[in-house]
Amino acid sequence: MKHICSILSAVTVLFAASCSKPQKEVVRHAFTLQTTRVALEEGRTCQVSYDYVKITGTRYEKCEYDFAGNPAGLQFFSSDEGVATVSAQGVVTGVAPGLSLITAKAGGTDVKGTLTVAVEKAGNIDYDFTKDLSTPLSQANIFMPLGLDNKTLQGMDIDKAGNVYMTWEENTFVHLRCYPKGSRNGCPADMILPVSGHGDGFCVEQDKDECYFWMPGSLGEPASNGGYAGAVANVAGVRLICRFKYDAGKTLYPEDAVERYYVNDNGCRIVDVDTEHDVMACWCYESGQEYIRIYKFSDIKKGSKVTKYVTREHNKGQAVEAYDLNTVREIAKFSWNRKEICGVDGTSTKAIQGFCVYKDKVYVSAGVKNDPATTITVVDFTGKILQKLVPFGLTADKQKLVQMNLSSDGTFEPEGMHIRKGVLYHGFAGDYPTTGSKKHCCILAL
């Protein structure tokens, strides 16, 4: 997992290397190591921040450093590898509690500036998300470059081990696929959820050794559009919030879930769980209004249970028990105006593409593939808008998206967002059949 370290100071070092071109043109490399102190849990990683400028004669080119070719002979060092290690690409991994100093050299010259890494035991750090949403894209932001070929990503999340989960809709059924940490090849068998909406409303429960995930599910028949509109239940059947255990190859309905939760018959379109700060948020509908309900996660099983019945042909008449969230005290509940939160495209409200709760705020991303940038709006638990339609900097430079092979033509559609351990992860669909290339997805991290 990558975590971009915040800057406290920065020192630029210039060093020269002989050029192999016949004209003996000198190439210089300006490498700025951004120094800071960062807290890191055992087993987790962060990327050393840097700025790099290649200088050829009088030409200055600010670009990503070529770690594979390593033209400046850049090397990173850890003062105590028993505490933290650092790779040739500047990725720091916490090994055991303690302090380690990360330094660098380039072409035999010390790169001034250091990174002090304080490694803590898992669970000892209270993370927050404080990143600047307008930060421009760099190579360090690419958490997963390619995945889910020729499918339309609808949602994504990661578990505590770094495994990635992606959803998409196929023939109105939601498919869920696991990508093991660091792999571009997903598990061969998908988990299938026939009545779980569009696939955009799921999240992973972060603190479990095995994967549990949350997703809406209807007791009625699948809708012809998979519940994409989301304004009501998929059909005239009760829509529940479901907690499933991930099981590749299985087809599961809400009545097969480990637990179920009831808000009302229209239910919940999207749910997100932040176990780090013990909160759960649901985007719900009541009497034509859109609401956000927020609960203390550890309280949601304290409510009484209600019994509902399956109305679809599959398992018709089966009694299904669910915890009634109406009997659980909420932390907060507020209505919102989607035009303010998501913006408008012509006269229509733009689609919510990502929804998550983290600590004491709700984050919503919106946009379509041809927008200048994805936007993110941040709301506190009173419903007050703290940041409104902020252009997400990682998506704003279309030329860089093409250069980094994340999109063939600059189109980039947001699909799924979560914040985990202080890092914002956002899924995107890039490349479309109209360009003659395969559709694929990627995950960026800020």
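**Exercise 1.** Is Glu210 buried, exposed or partly exposed?

*Solution.* Start with the ground rules: residues are numbered from 1 along each chain as its sequence is written, and side-chain values use heavy atoms, leaving out hydrogens and water. The model is predicted, so local features need pLDDT of at least 70 and side-chain atom pairs count only at pLDDT 80 or more, while totals for chains, interfaces and linings use all residues. Next, recall the classes: buried means under 20% relative accessible area, exposed over 50%, and partly exposed in between (1.4 Å probe, protein chains only). With a relative accessible area of 46%, Glu210 is partly exposed.

**Exercise 2.** Find the salt-bridge partner of Glu210 and place both residues in the fold.

*Solution.* A salt bridge is a side-chain nitrogen of Lys or Arg within 4 Å of a carboxyl oxygen of Asp or Glu. Glu210 pairs with Lys245, their closest N and O atoms being 3.2 Å apart. Lys245 sits in strand 18 and Glu210 in the loop between strand 16 and strand 17, so the pair ties together parts 35 residues apart in sequence. Strands (E, at least two residues) are DSSP runs, numbered from the N terminus. Lys245 is partly exposed too, at 34%.

**Exercise 3.** Now work through the salt bridge between Asp200 and Arg269.

*Solution.* First, the distance: the closest N and O atoms are 2.3 Å apart. Then the location: Asp200 is in the loop between strand 15 (191-193) and strand 16 (203-204), and Arg269 is in strand 20 (residues 268-274). Finally, burial: Asp200 has 13% relative accessibility and counts as buried, and Arg269, at 7%, counts as buried as well.

Notes
Helix = DSSP H or I, 4+ residues; strand = E, 2+ residues; numbered from the N terminus.
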